Amino acid sequence: MKILEVKDLCKTYIVNKRQNNVLKNVNFSIDEGEMVAVMGPSGSGKSTLLYTVSGMDAITSGEAHFCGKNIAKMGQKELADLRLDDMGFIFQQMYMLKNLTVQDNIILPAVQSGKQESRKEILERCQELMRKLGIIEIADNDINEVSGGQLQRACICRSMINNPKMIFADEPTGALNRASSGEVMEELAKLNAEGTTIMMVTHDVKVAARCTRVMYIVDGNIKGEYNLGRCESNSQIRERERALNNWLMEMGW
Ligand code: ADP
Ligand code: MG
């Protein structure tokens, strides 16, 4: 089943009366259960693609169907509810609130959601997620008292708190060192194995090699796609990285 289907998507920004056609008739779809990496040169439109297909930013023309519904035609309120209930977001600038604890940051989207749920149920789910991501011991820390890796794992918990169908991540490991990046990818791969669809922008071949598919974007268009298939065991990682690297070189990486 397709969870996301994008047809002739265009995105134009107008800055100082000058038109910048950032996305130019982009077509692709993502099946439920996939973990797709978006790669490409800086400025090629990767973040813009992520924001437009997830309803964070307006679509100039074309269609983006999420679970069969065209988000290009949705009103602000309907879009906000869809984002809150069915999508999770992990951004590069992490948008955690400064004077709240880690736990309160994570539960915020659940409190905001219209679902009839008690605070107790929300807290239980939050703690289960924090345990899974290995940050339960910092639940009551202030958000600026934690390391970069812990903060990014808290972001993953927050993106998962409303049990989204799909997670959108913009360079989720971009600010992390190699070890933390590996751990965060491990967690994302686990969530994906449990059924959450993931679309992420990354510059890191090691990160992309864990995905099921890579889309390569150049100048607002998908130049190529590479199917890696599911990564069944860690022993395949090296070979997957090597194959992906070769393909990226062909793409002009
Ligand atoms: P990438 O993530 O691949 O580095 P972006 O999607 O961030 O690229 O940016 C693609 C192009 O769109 C750039 O030329 C950038 O300047 C422009 N752009 C991105 N966001 C905005 C915005 N909010 N307003 C105007 N121009 C933007
Ligand atoms: Mg970007």
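**A sheet, its helices and a ligand shell**

Biologist: In what order do the 6 strands of the open sheet run?
Modeller: This is a predicted model. Its 6 strands make an open sheet with mixed pairing. The order is β6-β7-β8-β3-β9-β10.

Biologist: Which are the edge strands?
Modeller: An edge strand here pairs on one side only. Two strands do so, one at residues 87-90 and one at 221-227. From one strand to the next, the twist averages 15°. The edge strands are β6 and β10.

Biologist: In what sense do β6 and β7 pair, parallel or antiparallel?
Modeller: Strand β7 covers residues 166-170. Between β6 and β7 there are 4 bridges. Gly88 has Ile167 in β7 as its bridge partner. The sense is parallel.

Biologist: Which strands does helix α1 touch?
Modeller: Helix α1 spans residues 46-53 and packs on the sheet. Its direction makes about 150° with that of β8. The strands touched are β3 (35-39), β7, β8 (197-201) and β9 (213-218).

Biologist: What angle does the direction of helix α5 make with that of β6?
Modeller: Helix α5, residues 148-160, packs on the sheet too. It touches β6 and β7. The angle with β6 is about 165°.

Biologist: How are α3 and α5 set to each other, roughly parallel or roughly antiparallel?
Modeller: Helix α3 covers residues 102-112. Its axis and that of α5 come within 7 Å and cross at roughly 30°. Angles under 35 degrees count as roughly parallel. So α3 is, relative to α5, roughly parallel.

Biologist: Which residues in α5 does α3 meet?
Modeller: The crossing of α3 past α5 is right-handed. From α3 come Val102, Asn105, Ile106 and Pro109. By class, the contact has 5 nonpolar, 1 polar and 1 charged residues. On the α5 side stand Ala154, Cys157 and Arg158.

Biologist: Which element gives the largest share of the shell around ligand 1?
Modeller: The shell includes Tyr13, Val15, Asn20, Val22, Lys46, Ser47 and Thr48. The elements giving two or more residues are β1 (2-15), β2 (18-31) and α1. The largest share is 3 residues, and it comes from α1.

Biologist: How many polar residues does the shell around ligand 1 have?
Modeller: Among the residues around ligand 1 are Gly40, Ser42, Gly43, Ser44 and Gly45. Gly counts as polar. The shell also has 3 nonpolar and 1 charged residues. The polar count is 8.

Definitions and conventions
Residues are numbered from 1 along each chain as its sequence is written. Chains are lettered from A and ligands numbered from 1 in the order in which they are written. This is a predicted model: local features need pLDDT of at least 70, side-chain atom pairs count only at pLDDT 80 or more; totals for chains, interfaces and linings use all residues. Two strands pair if DSSP finds at least two bridges between them. Axes are lines fitted to C-alpha atoms, for helices over the stretch in contact, and angles run from 0 to 180 degrees between N-to-C directions. Two residues are in contact if their C-beta atoms, placed from the backbone, lie within 7 Å. Angles under 35 degrees count as roughly parallel, over 145 as roughly antiparallel, 65 to 115 as roughly perpendicular and the rest as oblique. A crossing is left-handed if the near helix is turned anticlockwise from the far one by less than a right angle, and right-handed if clockwise. A residue is near a molecule or strand if its C-beta atom, placed from the backbone, lies within 6 Å of it.
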